[in-house]
Amino acid sequence: MKDRLEQIKKEAIEAIMASDVPEKLNDMRVRFLGKKGELTAVLKGMKDVAVEDRPKVGQMVNETRAAIEQALEETKGKMEQAIREEKLKKEVIDVTLPAKMNNVGHRHPNTIALEEVERIFVGMGYEVVEGPEVEYDEYNFEKLNIPADHPAKDEQDTFYINKEILLRTQTSPVQARVMEQGKLPIRMIAPGRVFRSDEVDATHSPSFHQIEGLVIDKDISFADLKGTLEVFAKELFGPDTKTKFRPHHFPFTEPSAEVDVSCFKCGGKGCRFCKGSGWIEILGCGMVHPHVLEMCGIDPEEYNGFAFGVGLERIALLKYEIDDMRLLYENDIRFLKQF
Ligand code: DAH
């Protein structure tokens, strides 16, 4: 019995040492210590051992089991250590290799232009507000003095959700929303996306951006409007920029004007950029129509104000001398990185 145990121990330890993968160790555990294992077979033979010898033999069996278990544990530990070292070797970082470039993208010209416009108006005490892109016909048209049969509705043909709800064609509805809140005076700009069913070309897109401006207070005059937009133009296009106000018509302002700035490329002499005229049109504006004030709950006898609307893409295209609006929507990083 003793020899048999010695032999099992020797065999087991040799086999365990010779194992090269952890799965084999498991096989060894089953083979020597398992229910049908060799050691268990010896235990089963205990009934043939003389009663007085049994404790001794039992102890020997236990010692053998302990020795095999220890061999298993040690070999397992060594294997794991080897695997870990191998892995570390493979994962070694070569610090002399050139670093991978981190691709962080680039601010869009629209964003750069918008932040510039916001900086200018916030500097003059304006608040930046937002309105919904999906808007009621009532705000997009009715409250801006554009009734159902008004031809301006045709010009701004858009995407209707149903008879009352549409994708806003302009940021002007934000004027009505802010006035209705009744917190006076108002000094705000409202940038945002607008929609019109236009075909895509170098200067048109069915979705573009506008920045609306609105000032409501007591005794606001056209001179305030002119002065404000002059400061704006000079800040945006340079201190030598001149502005020109041409009479125009917008249903929600009276009087209304379109504003041109002197061409910042040729200084007004006329060039390819300004199509020879020396002037570039940048925005629409006017004194808020008394009827619009009334519809939005403001007494036109007490308060008045001015409004303006400017195309964000138009500013980005001008400022960065981009000649095709479609480039702004492709988001090609090689294009964006130039600004
Ligand atoms: N909403 C006008 C448009 O999309 C632009 C505009 C003109 C806005 C005059 C104004 C304004 O606030 O006073 O054509």
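Colleague: What stands opposite E127 in β4?

Modeller: In this predicted model, the residue of β4 that stands opposite E127 is M188.

Colleague: How do you know that β1 and β4 are paired strands, and in which sense do they pair?

Modeller: Two strands pair if there are at least two bridges between them. β1 and β4, the latter covering residues 186–195, have 2 bridges, in the parallel sense. The two strands therefore count as a pair.

Colleague: What makes β6 and β7 a pair, and what do they form?

Modeller: The requirement is again at least two bridges. Between β6 and strand β7 (residues 253–262) there are 7 bridges, and the sense is antiparallel. One of the partnerships joins H248 to S256 in β7. With 2 residues between them, β6 and β7 form a hairpin.

Colleague: Why are β1 and β6 called edge strands of the sheet?

Modeller: The open sheet has 7 strands in the order β1-β4-β5-β9-β8-β7-β6, and its pairing is mixed. β1 (127–128) and β6 (243–250) each have a single partner strand, so each has one side without a neighbour in the sheet.

Colleague: Why is helix α11 described as largely enclosed by the rest of the structure?

Modeller: A residue is called buried when its relative accessible area is under 20%. In α11 (residues 312–319), 6 of the 8 residues are buried, so the helix is largely enclosed. The buried residues are L312, E313, I315, A316, L317 and L318.

Colleague: Against which elements do these buried residues pack?

Modeller: Their packing partners include the helices α5 (109–123), α9 (222–237) and α12 (327–330). The strands β5 (207–217), β8 (279–288) and β9 (304–311) are also among them. After α11 comes E321, which has a positive phi, near 50°.

Colleague: How do you know that the protein as a whole does not match a compact globule?

Modeller: For 339 residues, a compact globule would have a radius of gyration near 20 Å, whereas the protein has 41 Å. The value for the protein therefore does not match the globule rule. Along its principal axes, the C-alpha trace spans about 125 × 50 × 35 Å.

Colleague: What share of the residues is buried, and what share of the contacts joins residues at least 24 apart?

Modeller: By the cut-off of under 20% relative accessible area, 43% of the 339 residues are buried. Of the contacts between residues at least 6 apart in sequence, 66% join residues at least 24 apart.

Methods
Residues are numbered from 1 along each chain as its sequence is written. This is a predicted model: local features need pLDDT of at least 70, side-chain atom pairs count only at pLDDT 80 or more; totals for chains, interfaces and linings use all residues. Side-chain values use heavy atoms; hydrogens and water are left out. The radius of gyration is taken over C-alpha atoms; the globule rule is 2.2 Å times the number of residues to the power 0.38. Buried means under 20% relative accessible area, exposed over 50%, partly exposed in between (1.4 Å probe, protein chains only). Contact means heavy atoms within 4.5 Å. Helices (H or I, at least four residues) and strands (E, at least two) are DSSP runs, numbered from the N terminus.
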